[in-house]
Amino acid sequence: GSTMPRIRSALAALLALCALAGGCRSDDLPQQPETTPVLDSQASPDLVLSADGPVTLKAQSESLVLTDADGTQLATVRFSYPKLVGSTQGIAAVNALLKQELQDYLDSASGRWLADAQQARAALGQQFASYTIESTYEATYNSAGLLCLLRTEYGNLGAAYPTLGRSSRTFLVTTGQELSAADLLQKDLNQLLVEQFTALIQAQPDSYSPDALSLLEQGAGQGGFYLSHSELRLYLPTDLIAPRAAGFPECSISYAENDCFRVDIPRVDLDAQPLKTAMKEIYEQVVPLLPEEERTDVRMVSEGEGEVEGEAVYIVQLYLPEGQVIGYYAVGQQSGDLYQRDDQGVFQPWEP
């Protein structure tokens, strides 16, 4: 029979999966989602959430190769993005925004990396290795007419460490409107970032840079937010207030803190999310076979949906905190069959 219903297995496995999928805590365990979100009295009159479930996403990607004047490859740029499935005006509008983001990203590629790669090649000669830049996304919230996409950019630019960047966008799928922090929050986002991270720094000063508070005041504008299944998460760039090895500093605000939000955001039941089932399948089947040094640090991120052998699949990337990609896996939405992407980008049946 199908392996997909196994999401209801041991609590310990669910906790481990939560850590892999985004670092949720024990108080993030699934609860029944609200079916009738209530509009806050102070909310913008045009921001009304629905009782809809998740929209279907289909993973898309495009690549661009940057070359030198003699044809030598200098950089490969890959951009993954979702395409929303459906024919409503709101979905069409969101798809248009995401397509424009793709085009803007690829159009900016030469300006961002070409000259630097040319200089590196001139300096290093035969030792030069072509740059690799990959921008991937994760749908961190997909319910009640809200879709939040968290984007991570990984750049191997020949330095000792890869570069890591993060951005996020939130859409009201019913209308196609992109939402700002001001549409969702009662407080100014920068003010909230400073308040929340100041509390963290003061509580554990040894975990942050000695001048973290002043760096926070200066750089809070570089931070952002995204919606998770149970809480709003705030983040800052790597290196801003803590060493690079700490990754992206994050803190969270529960949706239960209604005085923080302009609209009631319903908590999403993890058991109702088939993607989590797919991630659990990979966690149980693939992760135990990884080398020990990878197994202890491995992370998962959704790459959206696709199709393998005629079946819709969820695509998941396994990676390490430093940004190193371990591999791409897919799980059949109906069969539960497991696949792994080969060097040519084709998904093949997974074999232990």
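1. Let me start with the second largest pocket, since its chemistry is a handy way in. By class, the residues lining this pocket are five nonpolar, five polar and four charged. Please keep in mind throughout that this is a predicted model.

2. As for dimensions, the second largest pocket has a volume of about 240 Å³. Its lining is made up of 14 residues, and those closest to the pocket centre are Ala59, Arg78, Ile315, Arg341 and Phe347. If you plan to look at the site on screen, these names give you a place to begin.

3. Which elements give two or more residues to the lining of the second largest pocket? They are strand E1 (57–67), strand E2 (73–84) and strand E10 (299–308). Of the contributors, E10 gives the most, with four residues.

4. Strand E10 leads us on to a sheet. E10 belongs to an open sheet of five strands, paired antiparallel in the order E10-E11-E12-E13-E14. E10 is an edge strand here, and so is strand E14 (347–349); each of the two pairs on one side only. On average, and with direction ignored, neighbouring strands of this sheet are turned by 30 degrees against each other.

5. Inside that five-stranded sheet, strand E11 (residues 311–319) and strand E12 (residues 325–332) run antiparallel and are joined by seven bridges. To pick out one pairing by name, Tyr314 has Val331 in E12 as its bridge partner. Helix H6 (residues 274–285) packs on the sheet, where it touches E10, E11, E12 and strand E13 (338–341). The direction of H6 makes about 55 degrees with that of E11.

6. There is also an open sheet of three strands, with the order E7-E8-E9 and antiparallel pairing. Strand E7 (224–227) and strand E9 (250–254) stand at its edges with a single partner strand each, so one side of each has no neighbour in the sheet. From one strand to the next, the twist averages 25 degrees.

7. How many bridges join E7 to strand E8 (residues 231–235)? There are four, and the two strands run antiparallel. Gly224, for its part, has Tyr235 in E8 as its bridge partner. Helix H4 (residues 189–203) packs on this sheet and touches E7, E8 and E9. The direction of H4 makes about 110 degrees with that of E9.

8. A last pointer for your viewing session: with the five-stranded sheet on screen, you can follow E10 from its place at the edge to the four residues that E10 gives to the lining of the second largest pocket.

Definitions and conventions
Residues are numbered from 1 along each chain as its sequence is written. This is a predicted model: local features need pLDDT of at least 70, side-chain atom pairs count only at pLDDT 80 or more; totals for chains, interfaces and linings use all residues. Side-chain values use heavy atoms; hydrogens and water are left out. Two strands pair if DSSP finds at least two bridges between them. Axes are lines fitted to C-alpha atoms, for helices over the stretch in contact, and angles run from 0 to 180 degrees between N-to-C directions. Contact means heavy atoms within 4.5 Å. On a 1 Å grid over the protein atoms alone, a cavity is a set of points where a 1.4 Å probe fits but cannot get out, and a pocket is an open set with protein on both sides within 12 Å along at least five of seven lines; lining residues have an atom within 4 Å of a point. Grid points are joined across faces, edges and corners, and a volume is the space filled by probe spheres set on the points. Ala, Val, Leu, Ile, Met, Phe, Trp, Tyr, Cys and Pro count as nonpolar, Asp, Glu, Lys and Arg as charged, and the others, Gly among them, as polar.
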